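Got a protein in front of you and not sure where to start looking? Let's take a short walk through it together.

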Amino acid sequence: MVIGLIVSGGKGLRMGSEVPKQFLPVQGVPILIRTLMAFDEVDSLEALVLVLGKDFIEYFKELGYTPRKPLYIVEAGEERFSSVRNGLEKAYELDPESVVLIHDGVRPLVSKKIIEDGIEYSGKYGAAACSVALKDTVKSVGEDGFSTGTLEREKYRLIQTPQCFFTKEILSGHKRIQEIDSQVTDDTAVYEAFYGSVYLYEGSYENLKVTTPEDLLLAAAILANREIESCK
């Protein structure tokens with residue numbers, strides 16, 4: 001079984017809106033709904049698990065979105081790490097042998113190809129995540145504000161989601177990480193702590209994470225361009 005785990009438990013009110021950013025519209029459709037729609041279009045994906053803050057579960061239901069695939073809503077934890085674990089527990093309950101694609105609810109422009117590639121590569125290598133090359137020069141900096149060196153940008157990638165694993169392994173990793181109180185920044189780091197390297201496949205600069213008002217404008221522009229391209 002292949003499961004899409006959409007993590008959308010953040011309160012994200014820094015945009016100055018009355019609702020979290022995942023409910024803000026892009027070209028008339030809430031960001032979170034666009035994200036779910038992208039996963040719902042992938043035939044090889046069999047179920048969706050959506051992690052939402054307790055206060056916004058009913059709000060989401062009132063939006064009236066009904067995907068083709070079974071959708072299971074799970075209550076978010078206090079922080080993203082615990083929210084992901086709650087979602088993984090549900091995915092494991094659905095199928096202990098499943099593959100799970102963990103994705104940010106505020107990445108609404110993820111393509112069908114990126115999702116399908118994640119399924120393929122996680123099955124082939126055990127774990128996979130999409131990523132993009134760095135465009136800019138990256139400098140290290142000291143406490144005094146002066147540069148201390150320049151990174152070889154060809155050796156580094158910017159990690160996006162989905163991040164794709166066997167549910168049993170990544171859930172076990174989440175439980176073990178908490179036991180040793182290790183500081184991790186994302187789910188690939190959890191996997192690397194116990195199982196080894198993650199295969200990094202090609203993502204897209206369009207697969208942006210909407211976190212600021214400028215990101216909303218960019219997402220709208222990307223969607224408008226896609227509509228133009230589809231009409232050619």
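Here is a tour of the cores, the cysteines, some backbone oddities and one threonine.

## Before we start

Keep in mind that this is a predicted model.

## The greasy middle

In soluble globular proteins, nonpolar side chains tend to be buried together. Here, the largest nonpolar core has 38 residues, and the ones touching the most other members are Leu32, Leu36, Phe39, Phe60, Leu101 and Ile115. Both helices and strands chip in: the elements giving two or more residues include α1 (31-40), α4 (112-125), β1 (2-8) and β6 (99-104). Helix α1 hands over the largest share, with 6 residues.

Take a look at Phe39. If you skip residues up to four places away in sequence, Phe39 touches Gly4, Ile6, Leu45, Leu48, Lys69, Leu101, His103, Val110, Ile115 and Pro162. There's also another core, apart from the largest one, made of 23 residues; Leu5, Val51, Val84 and Leu88 are among them.

## Cysteines without a bridge

How many disulfides does the structure hold? The count is 0. Cys164 shows why a bond can be ruled out for its own sulfur: the closest cysteine sulfur belongs to Cys130 and sits 7.2 Å away, which is too far. To count as a disulfide, the two sulfur atoms would have to be within 2.5 Å.

Is Cys164 buried or exposed? Its relative accessible area is 0%, so Cys164 is buried. Cys231 has a relative accessibility of 68%, so Cys231 counts as exposed.

## Two backbone oddities

Remember Pro162, one of the residues that Phe39 touches? Pro162 is part of strand β10, which covers residues 157-166. The peptide bond leading from Thr161 to Pro162 is cis, and its omega is near 15 degrees.

Now hop over to Gln27, in the loop between β2 (25-26) and β3 (29-30). Gln27 isn't a glycine, yet its phi is positive, near 50 degrees. With 36% relative accessibility, Gln27 counts as partly exposed, because that label covers values between 20% and 50%.

## A tucked-in threonine

Last stop: Thr188, which you'll find in helix α6 (residues 187-194). Its relative accessibility is just 7%, so Thr188 counts as buried; the cut-off for that is under 20%.

Which residues is Thr188 in contact with, leaving aside neighbours within four places in sequence? They are Ala129, Gln163, Phe165 and Val198.

Methods: Residues numbered from 1 in each chain as written. Predicted model: local features only at pLDDT ≥ 70, side-chain atom pairs only at ≥ 80, totals over all residues. Heavy atoms only, no water. Helix = DSSP H or I, 4+ residues; strand = E, 2+ residues; numbered from the N terminus. Buried < 20%, exposed > 50% of the residue type's maximum accessible area, 1.4 Å probe, protein only. Contact = heavy atoms within 4.5 Å. Core = buried A, V, L, I, M, F, W, Y, C linked by side-chain atoms within 4.5 Å.
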